[in-house]
Amino acid sequence: MKVYVHLAVAQHPRRWAQLFAAGRLVGLNEPDPYGYARAERMGVTLIPPAMEHEGKFGKLVRMGLGAPLGFDIVNAWRNRASIMAADVVWTHTESQFLGACALLALRRRDRTARPRLLAQVVWLIDRWPRLNPLHRWLWRRLIRQADVLTFHSPLNLAAARKLFPDQRCELVRFGIRADHREPPRAPRVRGGPYRIISVGNDTHRDWRSLVEAVREHPEWQLRIVSTKADPELAHGLDHVTVAGVTSSDELFALYREADLVVVPLQHNLHVSGSTALQEAALFGVPTIATAVGGHEAYFPPDAVRYVPEQDPHAIAAAIAALAADPVAAAAMAARAQAQMGDEGLSSEAYVRAHVRLSRELLGTR
């Protein structure tokens, strides 16, 4: 089975490998984009992208066309040979799959003679209510070219099945590299500062509720690990720090020192924060998360302490409860880590799901 993984220009496998080798990809990353290369050990032949380098003018043209369309048609056109040589095309976000859909629509080839398309949806359903009518009309027509729409969250999945009732929609849980894990630590000995970290750069983090939760608790030392959070959140609070990290080693040291990880979230449908929850599980750190996005499909309530949305008091109460019962906190972290692995949450399981769906599609051709 020949597969082409259609990624954004910035995620070219060679560039990704160079950044990984240089230690510039922060987090528990793979040496290849999102672990898709694992498919080669599953009997898949991966077709490389047709283009690696992009000049300034080429980038300007690509972005100039992509802005009004809302997706990257130029990247798909440049890689048309790789797309058409594949049995199945995998995509990572809407920008890529809509570009591939447009390419397939333009070529007007019979569906039995062209590659099958797995279209992974991340933010589209969250953004759909705010799309202008022209984008909705165009994107609906393009989505018909996809053979399967895949989603990371059951919430996204349920909404999509109502929006696109004629499309096949499937849940594929996103997973990170799970071969690095550290044993859940022994119950914390009471005394000294209680060290809390909160990691993330996406727009759906609810930093304000978290800061409000710890404001009156100087014994709780909070480090917000983000380059996107407003440093002013820590103004006047000596026990709150807002700062990003520049290397994985720096991030991993923070996980090892932390007594607790908190993932505060705004309303979303796409399991925002799933990477942070999985990293915390692999480092054996107990976790609190806002009950939005569908994370219960990844970690049950006995593995992560869930709190209501926009509720600083609930966050504070959950922190206090876990700090007061280190044995229960350690047991919860162990249950979260038990969810991680090749048969559970991992990049291995994530890629295997793509392979399974692809073989199903080819089997029904």
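## Overall build

Of the 365 residues in the protein, 54% are buried. The model is predicted. It holds 14 helices and 12 strands. The radius of gyration is 22 Å, close to the 21 Å that the globule rule gives for 365 residues, so the protein is as compact as a globular protein of that length. Along the principal axes, the C-alpha trace spans about 70 × 40 × 40 Å.

Contacts reach far along the chain. Take the contacts between residues at least 6 apart in sequence: 73% of them join residues at least 24 apart.

## Surface and charge

The protein exposes about 16500 Å². Carbon and sulfur atoms supply 54% of that area.

The charge count is 45 positive and 37 negative. The mean positions of these two sets lie 9 Å apart.

## Strands β1 and β2

Strand β1 covers residues 2–6. It is mostly covered, with 4 of its 5 residues buried. Its partner is strand β2, residues 45–47. The two pair in the parallel sense, over 3 bridges. Within this pairing, Val-3 has Leu-46 of β2 as its bridge partner.

## Strands β7 and β8

Strand β7 runs over residues 194–199. Because 5 of its 6 residues are buried, β7 is largely enclosed by the rest of the structure. It pairs with strand β8, residues 220–225. The sense is again parallel, and here the pairing has 6 bridges. Val-199 stands opposite Val-225 in β8.

## A close look at Ala-86

Where does Ala-86 sit? Its place is in the loop between α4 (80–85) and β3 (88–91).

Is Ala-86 buried or exposed? Its relative accessible area is 6%. Buried means under 20%, so Ala-86 counts as buried.

Which residues does Ala-86 contact, leaving aside its neighbours within four places in sequence? They are Lys-2, Val-3, Tyr-4, Ile-47 and Pro-115. Strand β1 spans residues 2–6, so Lys-2, Val-3 and Tyr-4 place Ala-86 in contact with that strand. Ile-47 belongs to β2, residues 45–47, and it too is in contact with Ala-86. Val-3 thus appears twice: as the bridge partner of Leu-46 and as a contact of Ala-86.

One further distance helps to place this loop residue. Ala-86 and Arg-38 are 48 residues apart in sequence. In space they are 17 Å apart, C-alpha to C-alpha.

Key
Residues numbered from 1 in each chain as written. Predicted model: local features only at pLDDT ≥ 70, side-chain atom pairs only at ≥ 80, totals over all residues. Heavy atoms only, no water. Rg over C-alpha atoms; globule rule 2.2 N^0.38 Å. Buried < 20%, exposed > 50% of the residue type's maximum accessible area, 1.4 Å probe, protein only. Contact = heavy atoms within 4.5 Å. Areas by Shrake-Rupley, 256 points an atom, 1.4 Å probe, with all protein chains shown as cover. Lys, Arg positive; Asp, Glu negative; His and termini not counted. Charge placed at Lys NZ, Arg CZ, Asp CG, Glu CD. Pairing = 2+ DSSP bridges.
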